[in-house]
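Let's take a walk through this model together, one region at a time. Please have the viewer open so you can follow along.

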Amino acid sequence: MAYYHRLGQIPRKRHTQFRQPDGTLYAEQLVGTLGFHGVSSLLYHQHPPTEIQKVGTPEPYSPKLLKDRPLEPSHLRTLGQVSTGGDYLQARQTLLGNADVTMSICNPTEKRMQYYYKNALADEVIFVHEGRGELWSQMGKVAFEPGDYIVIPRTIIHQLHFEDGPVRLLIIESFSPVETCRRYRNHFGQLLEHSPYCERDIRPPSELITDDVQESGEYLVKIKKEGQLHHLTYGHSPFDVVGWDGYFYPYATSIHDFEPITGRLHQPPPVHQHFEANNFVICSFVPRLFDYHPLSIPAPYNHSNVDSDEVLYYVAGNFMSRKGVDLASFTWHPSGIPHGPHPGTVEASLGKKETHELAVMVDTFRPLYLTEAALPYIDPRYPMSWQPGFVPDPPRAADMMD
């Protein structure tokens with residue numbers, strides 16, 4: 001949920017006659033959440049969005065969760081995986097998940113989707129580690145670049161178009177609505193002065209897309225629902241919207257626009273929170289000044305995740321509390337065992353004034369599970385890496401990525 005936005009042509013009143021140049025009515029469509037009690041938008045199509053021509057055979061599209069593995073911290077090293085597949089859906093590899101959220105890597109080689117895509121059950125948050133391009137949806141275009149979060153609410157039909165060059169994405173799938181943080185909003189929904197970001201940092205669709213909407217044809221929409229990809233073919237392009245307004249739409253916002261909250265002493269992880277959903281949060285670690293008490297310890301203290309699993313995805317810089325962790329790595333510290341800085345990193349942090357790290361953190365409030373796809377990426381030495389004198393494998397990339 002962001003704020004009210006409108007684009008294109010819409011009638012003055014809702015649910016009133018709105019006619020095309022040839023005299024026929026535009027087809028009005030309400031897209032909303034929580035029945036009729038959540039946020040919504042009204043779209044105006046040149047053709048009814050219900051004209052199904054053909055229903056294809058569903059294909060399985062679900063990760064296999066591994067629920068019988070030992071309780072241990074994990075390090076998944078994915079940097080060496082330059083490509084994970086062909087197009088945007090083929091390239092997804094889900095590595096961690098539970099009933100609330102999944103986390104996937106996606107390094108596609110195909111620059112444009114040859115079909116349309118809809119997630120019928122989940123919001124998707126795409127973090128762009130590498131790559132540039134545009135999100136195309138029924139509601140218009142959103143440009144993206146490295147460091148952007150692209151938030152796509154469920155049921156929005158869309159495509160991703162990438163520019164030339166490598167693409168590396170982290171995809172967080174949420175089975176509840178993804179929102180800005182409640183504690184940063186007033187009861188009107190406006191982001192408050194103490195929020196680390198504001199409405200100016202949110203980029204809604206800026207330009208409508210109109211395909212050759214008068215031409216009939218076959219337009220394939222792949223719909224993800226309940227572990228299946230369903231194939232529905234329509235007689236007209238879903239990108240035939242001439243206008244819309246409301247609070248429900250895809251948008252982008254950059255990790256580089258997140259303003260860090262700092263203090264005299266070490267601040268707890270909630271100060272890094274960027275988004276929230278049911279049973280998990282998404283946080284952004286960004287360049288910031290360290291604590292300024294004369295005896296402060298910049299490195300985080302050891303802590304026990306009594307109620308949550310903690311996943312960090314490393315984007316850029318050197319994370320000062322970890323040794324031997326690559327860029328594009330995941331570290332997963334499950335609830336039930338304490339974790340903290342690696343040996344030597346606490347003393348090494350003393351006197352440091354700032355950090356230039358970038359990372360995305362997902363804290364879940366129900367247990368996560370690795371998937372079969374995660375097994376090739378596991379660093380088997382990581383669970384023992386807190387032993388004194390442990391020498392980790394060197395990081396594969398120590399320099400900051402642009």
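Which residue in strand 29 is the bridge partner of Ala-316? The partner is Leu-358. Keep in mind as you look that this is a predicted model.

That bridge is a good way into the pairing around strand 29. Strand 25 and strand 29 run antiparallel to each other and are joined over 7 bridges. Strand 29 also pairs with strand 22, which covers residues 280-285, again in the antiparallel sense and over 6 bridges. If you want a landmark for this second pairing, find Ile-282, which stands opposite Val-362 in strand 29.

Now look at how strand 29 sits in the structure. Of the 7 residues in this strand, residues 358-364, 7 are buried, so the rest of the structure largely encloses it. Buried here means under 20% relative accessible area. You can check both faces: Leu-358, Val-360, Val-362 and Thr-364 are buried on one side, and Ala-359, Met-361 and Asp-363 are buried on the other.

Strand 25 also leads us to a pocket. The second largest pocket has a volume of about 390 Å³. It is lined by 27 residues, and those closest to its centre are His-266, His-272, Phe-285, Arg-288 and Pro-300. Strand 23 (288-289) and strand 25 (309-316) are the elements that give two or more residues to this lining. Sorted by class, the lining of the second largest pocket holds 14 nonpolar, 8 polar and 5 charged residues.

Next, turn to another sheet. Here 8 strands form an open, antiparallel sheet in the order 6-30-8-9-16-11-14-20. Strand 6 (65-66) and strand 20 (251-254) lie at its edges with a single partner strand each, so one side of each has no neighbour in the sheet. Within this order, strand 8 and strand 9 run antiparallel and are joined by 5 bridges. One pair to pick out is Thr-94 with its bridge partner in strand 9, Ser-104.

Strands 8 and 9 bring us to our last stop, the largest pocket, with a volume of about 500 Å³. Of its 25 lining residues, Tyr-61, Ser-62, Pro-63, Glu-173 and Lys-224 are the closest to the centre. Strand 8 (92-97), strand 9 (101-106) and strand 17 (219-225) each supply at least two residues of the lining, and the largest share, 3 residues, comes from strand 8. By class, the lining of the largest pocket divides into 9 nonpolar, 9 polar and 7 charged residues.

Conventions. Residues are numbered from 1 along each chain as its sequence is written. This is a predicted model: local features need pLDDT of at least 70, side-chain atom pairs count only at pLDDT 80 or more; totals for chains, interfaces and linings use all residues. Side-chain values use heavy atoms; hydrogens and water are left out. On a 1 Å grid over the protein atoms alone, a cavity is a set of points where a 1.4 Å probe fits but cannot get out, and a pocket is an open set with protein on both sides within 12 Å along at least five of seven lines; lining residues have an atom within 4 Å of a point. Grid points are joined across faces, edges and corners, and a volume is the space filled by probe spheres set on the points. Helices (H or I, at least four residues) and strands (E, at least two) are DSSP runs, numbered from the N terminus. Ala, Val, Leu, Ile, Met, Phe, Trp, Tyr, Cys and Pro count as nonpolar, Asp, Glu, Lys and Arg as charged, and the others, Gly among them, as polar. Buried means under 20% relative accessible area, exposed over 50%, partly exposed in between (1.4 Å probe, protein chains only). Two strands pair if DSSP finds at least two bridges between them.
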